[in-house]
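Dear colleague,

I am passing on the structure below, together with a written account of what was found in it. Please read the notes alongside the coordinates.

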Amino acid sequence: MPSDKNSTSNSSSKGDGINIQKALEILSLREGNSNVDHNGECHIIPEGGKEMGQTIHLVDTTAATTSTNNLSNFIQDEKHNLQEKRKKREIEIRKRFESMKITELLHSIMDAQEGRVRAYREYNQGLENVLESGNLTNYTPVCAQATASFSVISDTIKTIQSILQKKYQNRKDLI
């Protein structure tokens with residue numbers, strides 16, 4: 001790019017960088033007349049010319065769409081994997097409970113209920129800490145932990161109930 005006397009007179013000692021004075025002059029000329037460029041030369045914009053021109057896409061929408069699709073596919077795959085793991089875990093738990101005697105099953109229900117009490121206490125303590133500190137970002141992990149605990153406990157009790165109903169149909173005191 002050719003340089004003139006004015007462009008280098010106010011620039012840095014190395015001759016690189018932006019000449020602030022020149023940049024301000026260019027901007028002030030543009031503000032007053034949109035048909036004037038930085039050299040003071042007038043350009044006539046043809047009728048309808050303002051609508052014409054180059055569109056610069058700062059984000060490649062095809063790449064963004066591909067990235068979004070990849071993320072969506074990843075999330076779907078993760079959900080599917082988690083569901084599969086949960087099904088396997090449920091089968092293992094069911095097998096373990098089905099091999100238990102009735103007294104062991106009843107003790108497991110009591111253990112699950114104790115776990116529910118612990119989960120409520122932990123949730124209440126976590127909520128109290130959030131409210132005292134005013135740091136609401138800690139609320140999400142507190143809720144996530146409580147939800148996970150209650151889900152496992154609920155699944156455990158439902159599984160035991162199902163086994164008791166199936167295995168001991170004649171015992172009305174267990175159903």
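**A buried serine and its surroundings**

Ser-108 counts as buried, because its relative accessibility is 13% and the cut-off for that class is under 20%. Please keep in mind throughout that this is a predicted model, and that the values below were computed from it.

Ser-108 is found in helix 4, and, when residues up to four places away in sequence are not counted, Ser-108 touches Phe-97, Met-100 and Ile-160. The last of these contacts leads across to another helix, since Ile-160 lies in helix 5.

**The partner side**

Ile-160 has a relative accessibility of 0% and therefore counts as buried. Leaving aside neighbours within four places in sequence, Ile-160 is in contact with Phe-97, Leu-105, Ser-108 and Ile-109. The C-alpha atom of Ile-160 is separated by 9.9 Å from that of Ile-102, a residue 58 places away along the chain.

Thr-159 is also found in helix 5, and with a relative accessible area of 15% Thr-159 is buried, because the class takes in values under 20%. Residues up to four places away in sequence again set aside, Thr-159 touches Arg-94 and Phe-97. Thr-159 and Arg-94 are 65 residues apart along the chain, yet their C-alpha atoms are separated by 6.6 Å. Phe-97 thus recurs in these lists, being touched by Thr-159, by Ile-160 and by Ser-108.

**How the two helices are arranged**

Helix 4 covers residues 102-133 and helix 5 covers residues 139-167, and the two pack at an angle of about 165° with their axes 9 Å apart. Angles over 145 degrees count as roughly antiparallel, and helix 4 and helix 5 are therefore roughly antiparallel to each other. The crossing in which helix 4 passes helix 5 is left-handed. As for the composition of this contact between helix 4 and helix 5, its residues divide into 20 nonpolar, 7 polar and 1 charged.

**The chain as a whole**

Turning to the wider setting, the chain has 5 helices and 0 strands, which, read along the sequence, gives the pattern α-α-α-α-α. Of the 175 residues in the chain, 15% are buried, and Thr-159, Ile-160 and Ser-108 are among the buried residues. The chain exposes about 14,500 Å², with carbon and sulfur atoms supplying 54% of that area. Finally, if one takes the contacts in the chain between residues at least 6 apart in sequence, 51% of them join residues at least 24 apart.

With best regards

Methods: Residues numbered from 1 in each chain as written. Predicted model: local features only at pLDDT ≥ 70, side-chain atom pairs only at ≥ 80, totals over all residues. Heavy atoms only, no water. Axes fitted to C-alpha atoms, helices over the stretch in contact; angles between N-to-C directions. Helix = DSSP H or I, 4+ residues; strand = E, 2+ residues; numbered from the N terminus. Parallel < 35°, antiparallel > 145°, perpendicular 65-115°, else oblique. Left-handed = near helix turned anticlockwise from the far one by under 90°. Nonpolar A, V, L, I, M, F, W, Y, C, P; charged D, E, K, R; others polar. Buried < 20%, exposed > 50% of the residue type's maximum accessible area, 1.4 Å probe, protein only. Contact = heavy atoms within 4.5 Å. Areas by Shrake-Rupley, 256 points an atom, 1.4 Å probe, with all protein chains shown as cover.
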